[in-house]
Amino acid sequence: MSIRTVSTQPFSDQKPGTSGLRKKVPVFQQPHYLENFVQSIFDSIAAPKGAALVVGGDGRYYNREAIQIILKMAAANGFGKVLVGRGGILSTPAASCVIRKHKTFGGIILSASHNPGGPKEDFGIKYNGTNGGPATETVTEAIFALSKKISSYRILDAADVSLDTLGNTTLGDMQVQVIDPVSDYAELMESLFDFGAIRELLQGGFRIKFDAMHAVNGPYAKHILEGRLGAAAGSVMNGVPLEDFGGGHPDPNLTYAHDLVEIMYGDNAPDFGAASDGDGDRNMILGKHFFVTPSDSLALLAANATLAPAYKKGLAGIARSMPTSAAADRVAQALNIPCYETPTGWKFFGNLMDAGRVTLCGEESFGTGSDHVREKDGLWAVLFWLNILAARKQPVEAIVTEHWAKYGRNFYSRYDYEGLPTEAANGVVQHLRDSFAALTGKSFGKYTVKTCDDFSYTDPVDGSVSQGQGIRLLFSDGSRIIFRLSGTGTEGATLRVYLEAFEADASHHHLDAQVALAGLIQIALRVSELQQRTGRDNPTVIT
Ligand code: VG1
Ligand code: CO
């Protein structure tokens with residue numbers, strides 16, 4: 001077996017987005033494309049010789065091929081050991097857990113998360129550091145800079161390694177250890193929550209349905225929910241991971257998790273429903289005929305945290321991404337703990353958690369997590385909810401409406417306009433930036449614009465500054481409209497419009513969010529000139 005140094009030319013488009021580098025599979029299949037990016041990661045992180053690495057992915061199309069390439073490159077770049085999930089599988093939170101538990105020099109996660117998979121669909125890759133969290137912007141910028149001037153990469157000439165049998169093999173001077181993808185993670189979950197109380201709840205007639213959407217969480221959910229916790233067989237649906245997610249869109253929201261939604265809104269619905277995404281880090285929570293918005297879910301978990309053993313001593317603080325509703329801020333205020341507002345993407349939470357400033361983090365995009373790992377964690381959120389339900393013995397809907405009555409309700413919705421021509425989408429954002437002065441102080445019916453800006457964040461731990469993180473229209477009554485371009489898409493541009501209105505009066509809390517937000521939606525369309533500039537009358541997805 002010999003190490004080959006292969007000459008290559010840079011690709012100009014390897015800039016990581018909100019969560020790693022995401023492209024269509026055929027882009028990754030171009031000669032040298034994946035290799036260039038992996039070499040750029042290795043060169044920028046400069047791991048000590050003999051260091052260990054974790055590698056795994058969500059099992060989508062091209063996962064196995066990519067892992068073989070990465071293993072051979074790791075061997076040629078001086079790594080001493082790679083831990084890889086059996087079958088190449090590791091959910092994103094499980095990868096974070098394994099990095100932390102085995103103290104490796106970070107890991108490489110292969111996923112395009114909630115984006116569809118298959119030969120013509122999406123693939124993705126990202127590096128997570130030694131804390132188990134996504135590389136910070138400083139690191140991803142350094143990787144991008146190297147990718148623009150790379151001239152060669154190193155790879156071992158060797159046969160493929162078997163990924164399907166647990167145990168050790170060697171690849172040159174490097175050891176490859178195939179690990180069970182579920183066990184470390186399941187053990188961590190059991191250490192956080194009251195499994196005894198949840199088991200009792202599930203055996204007392206409380207029915208649950210978990211939709212794994214043919215994505216990576218199937219084996220995790222089956223093992224934990226049906227295995228360790230004794231949920232009825234069949235509680236986990238779509239539990240077999242498929243390379244193309246069964247042709248679906250593995251995004252747990254009311255549009256794409258339609259199988260589950262039908263069950264939860266149908267006759268004889270279970271008491272609790274949940275779904276997770278392609279790589280297992282997102283979650284959607286449903287009660288009987290009831291949907292919990294992710295922003296509310298974060299606030300509720302925070303308000304009830306002490307019911308779970310891991311958080312019984314209370315929370316250090318809460319962080320939420322800027323577009324996420326301020327529901328969690330109200331809980332933080334009541335608990336007298338700090339609340340941080342960060343740009344979109346989990347990479348901004350790591351420093352806060354490492355510094356012990358926050359315990360819980362969340363995003364409106366169906367992401368919630370805590371400092372047990374450094375990624376958002378879909379199944380963790382489900383178990384946290386079950387723990388709360390076991391302790392409070394009330395239906396999901398009752399818990400949420402009580403929460404609103406106490407803290408007020410932050411009505412919330414997100415409109416996504418997908419696959420827009422890039423020029424048109426950029427035009428909308430530029431037009432809004434140009435309108436800041438004219439909009440400030442302007443009234444639209446009962447709403448008056450207090451300020452508008454382009455969100456910028458200074459990391460309180462390392463002082464790094466991230467600019468241009470989304471246009472904010474902040475109204476005098478606390479309502480908000482946010483416009484942001486997605487950083488995870490692979491086709492054209494996706495414009496997201498986030499709408500939030502606060503309502504203190506409990507007699508209005510039963511309203512449908514679309515009704516409560518109708519006025520703000522009209523303002524958003526009018527001031528952005530979205531319809532004229534993009535030719536789109538309706539959003540692709542409303543969550
Ligand atoms: C989206 C979400 C963001 C999330 C990111 C990664 O990013 O809005 O909140 O952190 O996806 O989630 P964007 O740039 O498209 O808005 V995952 O589950 O795709 O890793
Ligand atoms: Co995801």
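Q: In this predicted model, how far is a polar side-chain atom of D281 from an oxygen atom of ligand 1?
A: A polar contact needs two N or O atoms within 3.5 Å. The pair here joins a polar side-chain atom of D281 to an oxygen atom of ligand 1. Their separation is 3.0 Å.

Q: What distance separates an oxygen atom of ligand 1 from an N or O atom in the side chain of R484?
A: Two arginines reach ligand 1 through their side chains. For R282, an N or O atom lies 2.8 Å from a ligand oxygen. For R484, the distance is 2.7 Å.

Q: Which residues come nearest to ligand 1?
A: There are 19 residues around ligand 1. Five of them are singled out as nearest. They are T18, S113, G487, T488 and R496.

Q: How many charged residues does the shell around ligand 1 have?
A: Sort the shell by class. It has no nonpolar residues and 10 polar ones. The charged residues number 9.

Q: Which cavity does the space taken by ligand 1 form?
A: Now look at the space itself. Ligand 1 takes up a cavity. By rank, that cavity is the largest.

Q: How far apart are the end C-alpha atoms of helix α2?
A: Helix α2 covers residues 33–45, which is 13 residues. At 1.5 Å a residue, α2 should span 18 Å. The model agrees, because the end C-alpha atoms are 19 Å apart.

Q: How many residues of α2 are buried?
A: Buried means under 20% relative accessible area. Among the α2 residues that qualify are Y33, F37 and I45. The helix is mostly covered, and of its 13 residues the buried ones number 11.

Q: Which residue with a positive phi follows α2?
A: Step just past the helix. The phi there is near 45°. The residue is A46.

How values were computed. Residues numbered from 1 in each chain as written. Chains lettered and ligands numbered in written order. Predicted model: local features only at pLDDT ≥ 70, side-chain atom pairs only at ≥ 80, totals over all residues. Heavy atoms only, no water. Near = heavy atom within 4 Å. Polar contact = N/O pair within 3.5 Å; in protein donor to acceptor, adjacent residues only side chain to side chain. 1 Å grid on protein atoms, 1.4 Å probe; cavity = no way out; pocket = protein on both sides within 12 Å on 5 of 7 lines; lining within 4 Å. Sits in = over half its atoms within 2 Å of the grid points. Nonpolar A, V, L, I, M, F, W, Y, C, P; charged D, E, K, R; others polar. Helix = DSSP H or I, 4+ residues; strand = E, 2+ residues; numbered from the N terminus. Expected span 1.5 Å × (residues − 1). Buried < 20%, exposed > 50% of the residue type's maximum accessible area, 1.4 Å probe, protein only.
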